[in-house]
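User: Could you walk me through this one? I'd like to go over how the helices pack.

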Amino acid sequence: MLTTPAIVSAWPVGFLQPVGTALALLLAVLSAGFAVANRRPPRWLFAVVVELQLVVVAIAVQCLLAWIGGTAPAQPMVFVSYLVVVLALPLGTWWWAQGEPSRWGTGVICVAALVLPVLLVRLEQVWTLHA
């Protein structure tokens, strides 16, 4: 029985994935410090969350433009599912943290910032079929 090889599409994001990963890890370190100090996240930390959100949106736009241009992800439905979570994560966790006045609110930001780089890697794996 002959099997056809899977078509592998090139990952269209480029340098934004490492930028998003570095920014997410910086956010994790900063928010972990506030969690250990039992403090709510300060307003300037929201600027880091917004910057991370902008990077994630830029990644999504690049992927969607590549998809429209004919370079589709290897697993489209799984890719869209991961993309929705990646887009909702930064601002969703900030909203959650604002409703939790204890250190756990800042801890939520820390955990989400640690999860985001993993999701970005999974986006690339699902796009290129390297799982």
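Analyst: Let's start with one helix pair: the crossing of α3 and α4 is left-handed, meaning the near helix is turned anticlockwise from the far one by less than a right angle. A caveat before we go on: this is a predicted model, where local features need pLDDT of at least 70, side-chain atom pairs count only at pLDDT 80 or more, and totals for chains, interfaces and linings use all residues. Residues are numbered from 1 along each chain as its sequence is written, and side-chain values use heavy atoms, with hydrogens and water left out.

User: How are α3 and α4 oriented to each other, roughly parallel or roughly antiparallel?

Analyst: Helix α3 covers residues 76–99 and helix α4 residues 103–128, and their axes come within 9 Å and cross at roughly 165°. Axes here are lines fitted to C-alpha atoms, for helices over the stretch in contact, with angles from 0 to 180 degrees between N-to-C directions. Angles over 145 degrees count as roughly antiparallel and those under 35 as roughly parallel. So α3 and α4 are roughly antiparallel.

User: How do the residues of the contact of α3 with α4 divide into nonpolar, polar and charged?

Analyst: Contact means heavy atoms within 4.5 Å. On the α3 side the residues include F79, Y82, W94 and W96, and on the α4 side they include G105, R122, L123 and W127. Ala, Val, Leu, Ile, Met, Phe, Trp, Tyr, Cys and Pro count as nonpolar, Asp, Glu, Lys and Arg as charged, and the others, Gly among them, as polar. The split is 21 nonpolar, two polar and one charged.

User: And α2 with α4: roughly parallel or roughly antiparallel?

Analyst: The axes of α2 and α4 are 13 Å apart, at an angle of about 5°. In that contact, L52, V56, I59, C63, A66 and W67 of α2 meet L116, L120 and W127 of α4. By class that's nine nonpolar residues, no polar and no charged. Given the angle, α2 and α4 are therefore roughly parallel.

User: Which residues touch the most other members of the largest nonpolar core?

Analyst: A nonpolar core is a set of buried Ala, Val, Leu, Ile, Met, Phe, Trp, Tyr and Cys residues joined through side-chain atoms within 4.5 Å. Helices α1 (16–36), α2 (43–68), α3 and α4 each put at least two residues into this core. Leaving out residues up to four places away in sequence, F79 touches W11, C63, W67, P73, L123, V126 and W127. Of the 34 core residues, the ones touching the most other members are L27 and F79.

User: Is R40 buried, partly exposed or exposed?

Analyst: R40 sits in the loop between α1 and α2. Outside its neighbours within four places in sequence, R40 is in contact with F34, A97, Q98, P101 and T106. Buried means under 20% relative accessible area and exposed over 50%, with partly exposed in between (1.4 Å probe, protein chains only). At 36%, R40 is therefore partly exposed.

User: What pattern does the protein chain follow along the sequence?

Analyst: The chain has four helices and zero strands, where helices (H or I, at least four residues) and strands (E, at least two) are DSSP runs numbered from the N terminus. Among contacts with a separation of 6 or more, 81% come from residues 24 or more positions apart. Read along the sequence, the pattern is α-α-α-α.

Methods: Parallel < 35°, antiparallel > 145°, perpendicular 65-115°, else oblique.
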